[in-house]
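Reader: I should like to understand how terms such as "salt bridge" and "buried" are justified. May we work through some cases?

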Number of protein chains: 2
Amino acid sequence: MNRVACAVLTILSFVVLNASAQQSMSGPATSSHNLMPVPASVQFQAGRLGVTDSLKIATTNFSDARLLSAIDRFEKRLQGRTGLTFTPGLATDAGTATLVIQCAGPGQSIPSLEEDESYQIDVSSQQAKLSAPTVVGAMRGLETLLQLLAADSEGYFLPLAKIQDQPRFRWRGLLIDIGRHYEPPEVLKRNLDAMAAVKLNVFHWHLTEDQGFRIESKKFPKLHQMGSDGLFYTQEQAKDIVEYARQRGIRVVPEFDIPGHSTSWLVGYPELGSGPGPYTIERRAGIFEPALDPTRDEVYKFLETFLGEMAAIFPDAYLHIGGDENQGKQWDRNPKIQAFMKEKGIKDNHALQAYFNQHLLKILEKLKKKMIGWDEILQPELPKNAVIHSWRGTAALADAAIKGYDGILSNGYYIDLSFPTSQHYAADPIPANTTLTAEQQKRILGGEATMWGEYVSPETIDSRIWPRTAAIAERLWSPASVTDVDDMYRRLAVISTQLEELGLTHERNVDVLLRRLTGGQDIRPLKLLASLVEPVKEYRRGEQRPSTMLSPLNGLVDAARPDSQNSRNFAKMVDALIGDAPRFQRSATDLRMTLTDWRDAEPALNSLLEKSPMLREAKPLSTNLGTLGTTGLEALSFLAQGVVPPNGWREAKLAMLDEAAKPKAALEFPVVSSMKKLVVAASEQSELKTMTASEWQKRVVALANGSAK
Amino acid sequence: MNRVACAVLTILSFVVLNASAQQSMSGPATSSHNLMPVPASVQFQAGRLGVTDSLKIATTNFSDARLLSAIDRFEKRLQGRTGLTFTPGLATDAGTATLVIQCAGPGQSIPSLEEDESYQIDVSSQQAKLSAPTVVGAMRGLETLLQLLAADSEGYFLPLAKIQDQPRFRWRGLLIDIGRHYEPPEVLKRNLDAMAAVKLNVFHWHLTEDQGFRIESKKFPKLHQMGSDGLFYTQEQAKDIVEYARQRGIRVVPEFDIPGHSTSWLVGYPELGSGPGPYTIERRAGIFEPALDPTRDEVYKFLETFLGEMAAIFPDAYLHIGGDENQGKQWDRNPKIQAFMKEKGIKDNHALQAYFNQHLLKILEKLKKKMIGWDEILQPELPKNAVIHSWRGTAALADAAIKGYDGILSNGYYIDLSFPTSQHYAADPIPANTTLTAEQQKRILGGEATMWGEYVSPETIDSRIWPRTAAIAERLWSPASVTDVDDMYRRLAVISTQLEELGLTHERNVDVLLRRLTGGQDIRPLKLLASLVEPVKEYRRGEQRPSTMLSPLNGLVDAARPDSQNSRNFAKMVDALIGDAPRFQRSATDLRMTLTDWRDAEPALNSLLEKSPMLREAKPLSTNLGTLGTTGLEALSFLAQGVVPPNGWREAKLAMLDEAAKPKAALEFPVVSSMKKLVVAASEQSELKTMTASEWQKRVVALANGSAK
């Protein structure tokens with residue numbers, strides 16, 4: 001769903017709960033919930049189970065250290081949300097416990113695709129019951145219970161509910177690229193906590209890149225010593241992360257991206273490369289030439305030893321070998337490689353990479369690992385237990401499924417590209433119009449959000465991942481029928497605040513960056529601006545605002561976040577006003593206040609910018625903000641007075657808005673499209689005499705979008 | 001300086017720079033600076049040295065890994081503050097470098113009391129020079145350079161300046177008690193960074209308490225296994241912290257508090273205790289009975305082995321043995337101990353503890369460690385190389401100095417007690433009226449801020465330490481003559497924002513706590529309230545709001561911070577208004593807006609509180625805020641109209657203000673005293689006919705303080 005489509009959604013108060021046929025609402029029950037992902041089936045009833053400081057939890061049947069640790073975290077978070085102090089220790093009598101956890105067994109010893117993550121919850125006014133076949137299922141249920149917590153003037157409580165839940169897809173991942181920018185272990189840990197909170201189950205750890213080799217190798221220490229600027233994970237730290245993830249029922253799939261994306265490997269071991277070397281760590285963003293030499297036995301020996309070392313650290317059944325974006329330019333220029341290809345009858349670089357992958361497969365087979373790689377690894381000889389990771393899209397994924405391959409989707413989930421949540425939410429690994437058979441559909445395992453690391457630091461990465469990834473998690477867990485965008489946004493705001501309890505900085509660090517940018521001046525006008533702009537989409541940041549991996553990530557573009565909530569609110573106000581034609585009253589007051597704030601912010605902003613060289617680049621944005629405010633106020637004034645603007649006004653304003661739509665400092669104003677509607681509405685008032693309000697509204701929207709005269 | 005005294009300080013625009021006789025200002029120089037601590041001597045000149053992306057640093061004479069690492073951090077922080085990207089690597093030609101660092105040598109191999117921390121800075125329009133006898137001195141100078149950074153519409157620059165600087169005291173510490181509440185290593189690291197930023201040089205690591213034994217012992221694993229709830233530092237983590245501190249020129253002095261404060265030791269090793277046991281980890285705040293048994297050889301053998309193990313982890317020359325607050329109740333009740341005392345002729349518990357310390361001294365001597373302990377360790381037999389750590393005060397410290405002991409002061413620096421910065425700033429280890437000789441004064445080594453851990457979590461601890469501790473750091477580093485409170489507060493606000501770059505959460509986490517308390521509702525009214533209240537002083541929180549070490553630290557009292565800046569601003573506005581008598585114009589508009597906000601916040605707050613059971617306790621505070629607003633507006637209105645209020649008005653309002661001054665939810669309103677001035681001023685208007693404005697102002701203040709009729 002694109003932004004314009006999103007903007008014209010009429011303002012619905014929250015309605016839909018029934019995510020699937022199984023769901024039903026009964027009695028005078030809770031009219032909305034804050035669950036994300038929405039469970040497969042939820043049924044609320046009137047009544048409540050109080051949450052007080054006498055809360056006690058019991059486990060029946062099975063229990064183990066992992067479950068006990070999960071219960072401990074659950075209690076601490078519940079204390080944090082309620083201010084209550086519970087008595088330590090489990091209840092000895094399940095009959096009198098507030099919450100009984102009935103877990104059938106431990107499940108998989110190492111989190112795996114075969115894990116049963118289902119659970120059931122039954123909250124009665126006496127007791128809440130959580131039952132699950134595995135500890136991981138129980139943990140998923142505990143997260144749902146935390147999201148069920150409600151409050152009113154009488155205190156905290158769980159609403160009475162019956163929930164039956166299991167994921168739609170088995171592979172629900174988040175890729176974090178710490179190659180371009182390193183993130184310390186505590187950043188990963190808080191993100192693992194957040195993943196668990198929204199029921200994601202695969203942490204895809206993108207460990208090597210042209211810009212950094214980030215894992216300690218004891219066999220080949222020059223890899224991390226020379227390829228990382230000292231910013232790497234020790235093996236002990238990596239094992240600690242794997243265990244931390246296991247505790248939360250999350251698999252860790254490591255990626256060693258080869259044969260391309262390998263500059264950082266070659267700094268210490270240039271003899272593995274296909275070019276003459278020497279190599280230095282890449283500092284730019286982009287696609288680069290260095291690639292491993294697929295013609296030499298030493299390279300495979302090296303990889304077998306190295307991957308063997310890594311296999312001992314990462315117990316997951318899968319190992320991601322990347323395989324993407326190798327352009328083969330080094331291969332083309334290397335006479336030995338060319339001679340080798342001729343000798344072996346390898347007709348092109350595509351086939352040469354297939355040859356490389358065949359060797360890799362043998363190594364992985366020895367290590368008892370299954371291969372996963374990007375679309376490029378799909379070759380006729382690829383064994384059927386490999387997984388295709390698609391950046392290309394659902395068509396490529398369906399194609400792989402037809403050929404018998406398992407696959408996961410990342411196209412549509414590139415959270416580094418600054419698209420709105422609604423757009424990711426609309427991407428489905430199995431689109432509604434799929435022509436795959438049921439059997440083939442089973443091969444679509446799920447998907448992964450990808451946090452590519454060109455423009456993220458420990459200070460900003462959380463705000464690029466969250467809260468949007470929670471909506472992707474819902475897409476991958478909840479029934480396909482859960483698609484109400486307005487309700488998703490309503491729940492997302494609640495979840496976003498809850499995620500802060502895990503230490504995430506996606507909300508709190510905005511002000512930190514703004515304070516630094518203003519050097520201690522009053523940040524309020526800048527905060528308003530930052531809340532109304534979004535980083536440019538796709539890969540345009542690099543063009544707009546050149547930088548390297550060594551540049552600080554502390555500009556206004558880093559403080560601003562994707563999917564501006566203020567802009568969405570503004571769009572709704574404008575739509576409400578137009579929807580109120582011909583009276584234009586309902587939202588006029590709020591709109592006027594909002595637009596006045598924008599207009600007045602400009603001089604305050606300009607005085608800030610004067611004193612902060614870092615903010616100089618924001619000058620045109622400040623000007624645009626003022627102009628947007630003034631223009632909107634003019635349009636409102638015409639509408640309120642029922643006066644048609646003079647000739648030329650509309651054209652002048654629309655031209656000005658086209659100008660304001662152009663990104664500056666790698667930032668853009670998503671409100672421009674709504675502002676166009678206001679301008680068009682003001683200048684189209686007289687048409688209301690000849691058409692119904694509804695016809696008129698359609699005309700205004702169409703004209704504003706430029707699709708009608 | 002108490003709060004009332006602080007409130008009546010007249011509003012001075014910034015003036016004083018000359019901290020000592022050496023300092024001077026020359027030419028049309030920078031009229032103020034943001035340096036904290038203020039250097040021993042600063043001299044500014046007109047002109048600038050531009051800071052651009054071509055900045056290059058050179059080292060001459062000596063360089064080592066520690067200096068290079070400090071330069072790297074300096075460059076990254078400078079990039080963060082400016083948005084510039086420097087080219088990696090040092091300048092090869094010192095002549096063309098922007099900054100030349102001339103370091104004479106490495107200094108002490110392990111940070112120590114003997115370290116020379118002095119440095120000199122000379123910024124000319126061509127180049128900045130930093131020279132220092134040691135790497136630690138150079139690091140101190142780098143922090144000063146970062147604080148010198150200025151900006152205007154032309155860009156970033158260093159003002160031309162000559163600085164000569166060294167500390168007044170050699171021991172400038174911060175104690176963090178992680179016994180009551182554990183803080184993970186990353187919390188300690190960011191606080192070490194902050195300490196270095198304000199030139200503190202001792203991290204006093206309070207590692208054991210009744211409520212937690214927080215360091216791994218391989219010799220006696222039940223210490224941490226049974227005494228810590230699993231929340232302890234591995235030896236590797238401890239070594240990592242020590243090295244992190246060393247990199248920043250900070251000593252780590254570990255404290256193992258014995259013979260009292262030792263409940264957590266006894267959980268795993270009850271045989272060390274003086275009572276019958278068994279023991280459980282203490283969950284309450286307070287002083288408790290468990291104490292080691294000083295009569296048994298096994299206890300000393302245990303301590304020798306344990307402290308030997310610790311001595312290998314902590315290389316500092318000193319080891320803190322606590323020694324405080326042992327009431328000896330377990331000793332009184334233990335017949336074997338009583339018999340032992342009779343046999344040995346030990347007359348009381350005081351003497352018994354001296355006996356214990358004599359044994360400890362022998363152990364420390366074997367381990368080549370000097371003893372430091374709280375006032376209580378001062379016994380006739382104490383060797384002269386021990387250090388007295390005074391919680392009692394400067395008199396006790398002077399007494400020790402006269403007896404020939406080195407000492408450090410913590411009385412006056414108890415940052416856990418929520419006093420305003422000004423009060424800590426006024427505490428001097430060597431008060432101006434000291435009668436100590438110069439020789440005796442040399443024995444006063446410095447002081448330590450103490451962050452006792454009863455009420456701090458990883459989420460809130462930074463806000464209890466910072467920014468106030470920066471002012472204590474200034475007291476301990478800068479010349480004694482640096483005492484301008486207004487200027488301290490001006491600079492403190494700047495430094496507080498700069499400290500955020502190190503990851504500190506003292507500013508950012510306020511909103512996080514408020515968002516959690518409001519469960520996602522609009523936090524603005526609550527933020528206003530939180531900005532106007534302060535946690536109750538001294539040890540009254542526990543009485544007001546009972547809790548244990550297991551209680552969450554997530555209430556309004558945890559979001560509110562000591563030394564409310566908004567309240568200080570209000571006090572200044574009131575003083576300005578009264579100082580403007582008889583016209584009362586200057587600040588009336590701002591005051592009216594402020595008071596209107598308070599009045600209007602009450603209904604908004606009440607609607608928030610309705611939906612958040614955690615906020616219920618704040619209801620009386622909300623009522624008081626509204627009443628304060630209404631009362632102030634009434635007083636303002638009388639003043640503006642020159643109308644004397646009716647009979648009884650003043651008495652009723654003052655009674656109401658006395659009521660509002662009483663703490664609720666462990667929070668109090670420091671603005672009450674200013675509000676009293678407004679009320680008195682309104683009701684004393686007619687007196688202005690018979691006295692000068694200045695006489696009248698004194699009368700108003702005196703009456704408001706209750707010291708005149």
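Reader: What makes the contact between the side chains of A:R568 and A:D563 a salt bridge?

Author: In this predicted model, the N to O distance between these side chains is 3.1 Å. The cut-off is 4 Å, for a nitrogen of Lys or Arg and a carboxyl oxygen of Asp or Glu, so the pair qualifies.

Reader: Why is A:D563 called buried?

Author: A:D563 has a relative accessible area of 8%, and buried means under 20%, so the term applies. Its partner A:R568 has 21%; this value lies between 20% and 50%, and A:R568 is therefore partly exposed.

Reader: How do you know that A:R540 and A:E668 meet in a salt bridge?

Author: Their N to O distance is 3.6 Å, which is within 4 Å, so the rule is met. The two residues lie 128 residues apart, in distant parts of the chain: A:R540 belongs to the loop between strand 18 and helix 20, and A:E668 to strand 19.

Reader: Is A:E668 buried or exposed, and why?

Author: A:E668 is buried, because its relative accessible area of 9% is under 20%. A:R540, at 31%, is partly exposed.

Reader: What makes B:E143 and B:R77 a pair that links distant parts of the chain?

Author: The closest N and O atoms of B:E143 and B:R77 are 3.0 Å apart, in a salt bridge. B:E143 is in helix 3 and B:R77 in helix 2 of chain B, 66 residues apart. Both residues are buried.

Reader: How many salt bridges does the rule give over all chains?

Author: The count comes to 92.

Terms used: Residues numbered from 1 in each chain as written. Chains lettered and ligands numbered in written order. Predicted model: local features only at pLDDT ≥ 70, side-chain atom pairs only at ≥ 80, totals over all residues. Heavy atoms only, no water. Helix = DSSP H or I, 4+ residues; strand = E, 2+ residues; numbered from the N terminus. Buried < 20%, exposed > 50% of the residue type's maximum accessible area, 1.4 Å probe, protein only.
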